[in-house]
Amino acid sequence: MEKTVNQRAWFLVIPVLILVAFSSIIPMMTVVNYSFQDTFGGNDFFWVGLEWYRELLHSERLWDAFGRQLLFSSIILSIEVPLGILVALSMPKKGISASICLVLMSLPLLIPYNVVGTIWQVFGRADIGLLGRTLSDLGISYNYSQNAFDAWATVIAMDVWHWTSLVALLCYAGLRSIPNAYYQAAMIDQASRWSVFRFIELPKMRGVLMIAILLRFMDSFMIYTEPFVLTGGGPGNTTTFLSIDLVKMALGQFDLGPAAAFSLMYFLVILLISYVFYTVMITAEKDEVQS
Amino acid sequence: MASITLENLAHSYHPNPGGDDDFALKAVNHTWEDGRAYALLGPSGCGKTTLLNIISGLLTPTRGRVLFADEDVTASSTVARNIAQVFQFPVVYDTMTVEQNLAFPLRNRGMEASYVAERVGRIADMIGLQADLKKKARGLTSDLKQKISLGRGMVRDDVNAILFDEPLTVIDPHMKWELRTQLKSLHREFNHTMIYVTHDQTEALTFAEKVVVMHEGRVVQIGTPKELFETPAHSFVGYFIGSPGMNFVPVSVAGNNARLGDETMKLTHDYGHPNGDLKLGIRPEFISLTKGVGLPVRINRIQDAGRHKFINAVLFDTEINIAVDASFQIETDMTNVILDPDKVSIFCDDWRIDAQSAGKKDGGVT
Ligand SMILES: Nc1ncnc2c1ncn2[C@@H]1O[C@H](COP(=O)(O)OP(=O)(O)OP(=O)(O)O)[C@@H](O)[C@H]1O
Ligand SMILES: [Mg+2]
């Protein structure tokens, strides 16, 4: 039977198109539009072409923020991934203790971002915060609002506290899917604990680890609320990450043009890095199957 | 190498086992003699895997002891027991090659490279993995994976025993035969104690010198295939071995008279006056269909199974099966059967009773 082609079917996708248009295409295009124009207040726009992009690419401020952002993401990934795996490995496998563990682990994930920032802000204060007070009583000088190193340490500790559970929970799910027979076979084969991890657990966790790394990378690369609440990007600019810088530019200085160009480049960088990550991991997996 | 003795072994997966029903294994007493090949036969859920795991030390029994020769190893680790075990489902190390998989147990024991290479080569030859040695184990078909599992079980030649838990389930029938032959030749060469779990009776009967039959967490009989067939110690063995299984007809026995329905039949032995639930057991092969002599039957249907015909009939309200040669002509006036008195067994509460020591109840368990 021949199918009749009815062009009117296109009308059926209109609701979705409208939704997508309002939710992403129009806002996105507005940003694109701003990024090529300049304005002196009011609604007077004029075309500047690639000017903003050129300027930003030569701006030291942006490169510094980019560098800090990369450093931050690499540090938290290199802490959260191994730590998450370790936590997942040491979690109880069944029974009531497993459930309690799961609930406790999910708690940090359920706290709103700005609350996390506030919690750590208070926690670290030298006068009333548990952490800050304890450290200063121990004679360790610690002040996250004055000292750049302390600020970084606190921001990183905060992110690790907030997100390690996510990695751990994903890994835990991966571990639970390993049939008991694998562990039994390993015992019969006299595999060491390390071999069990290397040849049984790690391969089975691969898929979820890939997701965990990707999620944590994207999220940490876009981090805004928590460090903003905690340090406001300071002291100086030492914890000013890309999105904090972006907001300063767009709302603080109201430089809409450069901010728009910034946003687009920011977006493309995240897309690019995530794509590279993903491709590398997928190819590695394919090679493994084929060879 | 040593004999393996199980003493009053019981195991329950419940943390606080109550009655008998909570136990996956109930009082197993058995000695696996050194260097023999055993088949462990039993239906699904009867505790075969549990028993193997206890022998290899993967599980600690709730009660009882495991002895290697005279040494109590109940609390010893799997490593200390040095036992090879092949699991019911293929277990392979995905990221390793086939070769690395086979070498893994040897490398973990710190064997020399030349010895490892030699053993891996031998085993790969034996089970037909030579061509695949360099392939990654992931992505292989499930029968190849099962062969790898099997190979890892056989690669160590210094083990105390090799336990196979239904190792050939996913392998196609032709290959099954081939691999079983290889296992047997391996056994002849190295004389390892082998325990081969299966619920396929043909497999059990062709592999082993001795077949151990389990039923509901108990060992009900140990014997040669012939003994299991001719003198099943428990009605379950009679029913489970042979296809179709043994026929059971309610009976009352007095001395050497057996009363079936309203007919009496002479037995070859004197059974005294046993009490309990009595059944007469007879294999379909030992019943002959006759005209006019013997016990009356009503024929339900006839099934042609190649070399045999199976006749399903009713004898005093009990369904029975009769096996006759394919060439046997069945006529409409054949409405009687004769049970070969030499081949009749009497079961009391499911256990076979001996004519000499009538009333013995715990027959097969030694
Ligand atoms: N890990 C476990 N936890 C709880 N119960 C179990 C566990 N393993 C087995 N059982 C129970 O113990 C009994 C015996 O199981 P087992 O696996 O030993 O049987 P099996 O003879 O190997 O059966 P199959 O032929 O299906 O492999 C079954 O009733 C089963 O449900
Ligand atoms: Mg089993």
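This passage describes chain B, the shell around ligand 1, the contact between chains A and B, and one helix pair in chain A. The model is predicted; local features need pLDDT of at least 70, side-chain atom pairs count only at pLDDT 80 or more, and totals for chains, interfaces and linings use all residues. Residues are numbered from 1 along each chain as its sequence is written, and chains are lettered from A and ligands numbered from 1 in the order in which they are written.

Chain B has 9 helices and 23 strands; helices (H or I, at least four residues) and strands (E, at least two) are DSSP runs, numbered from the N terminus. The C-alpha trace of chain B spans about 75 × 45 × 35 Å along its principal axes. Of the 366 residues in chain B, 43% are buried. A residue is buried if 20 or more other C-beta atoms lie within 10 Å of its own, exposed if 12 or fewer, and partly exposed in between, with C-beta atoms placed from the backbone. Among contacts in chain B with a separation of 6 or more, 65% join residues 24 or more positions apart; two residues are in contact if their C-beta atoms lie within 7 Å.

Helix H1 of chain B covers residues 48-56, and 9 of its 9 residues are buried. Among them are Lys48(B), Thr49(B) and Thr50(B). These three residues also belong to the group around ligand 1, where a residue is near a molecule if its C-beta atom lies within 6 Å of it. H1(B) gives the largest share of this shell, 3 residues. Other residues around ligand 1 include Tyr13(B), Gln88(B) and His199(B). By class, the shell holds 3 nonpolar, 8 polar and 1 charged residues; Ala, Val, Leu, Ile, Met, Phe, Trp, Tyr, Cys and Pro count as nonpolar, Asp, Glu, Lys and Arg as charged, and the others, Gly among them, as polar.

H1(B) is followed by Gly57(B), which has a positive phi, near 90°. Gly57(B) is in contact with Ser76(B), a residue in the loop between strand E5 (71-72) and helix H2 (78-81) of chain B. Ser76(B) counts as partly exposed because it has 14 C-beta neighbours inside 10 Å. Thr95(B), in the loop between strand E6 (83-86) and helix H3 (98-108) of chain B, has 17 such neighbours and therefore also counts as partly exposed. The C-alpha atoms of Thr95(B) and Arg138(B) are separated by 6.5 Å, although the two residues are 43 residues apart along the chain.

The contact between the chains takes 15 residues from chain A and 21 residues from chain B. On the side of chain A, helices H8 (180-188), H9 (193-221) and H12 (256-290) each supply at least two residues. H8(A) gives the most, with 6 residues. This side of chain A divides into 10 nonpolar, 3 polar and 2 charged residues.

Within chain A, the axes of helix H3 (residues 60-90) and helix H7 (residues 148-176) come within 7 Å and cross at roughly 45°. H3(A) is therefore oblique to H7(A); angles under 35 degrees count as roughly parallel, over 145 as roughly antiparallel, 65 to 115 as roughly perpendicular and the rest as oblique. The contact of H3(A) with H7(A) has 16 nonpolar, 2 polar and 2 charged residues.

How values were computed
Axes fitted to C-alpha atoms, helices over the stretch in contact; angles between N-to-C directions. Lists of a residue's contacts leave out its neighbours within four places in sequence.
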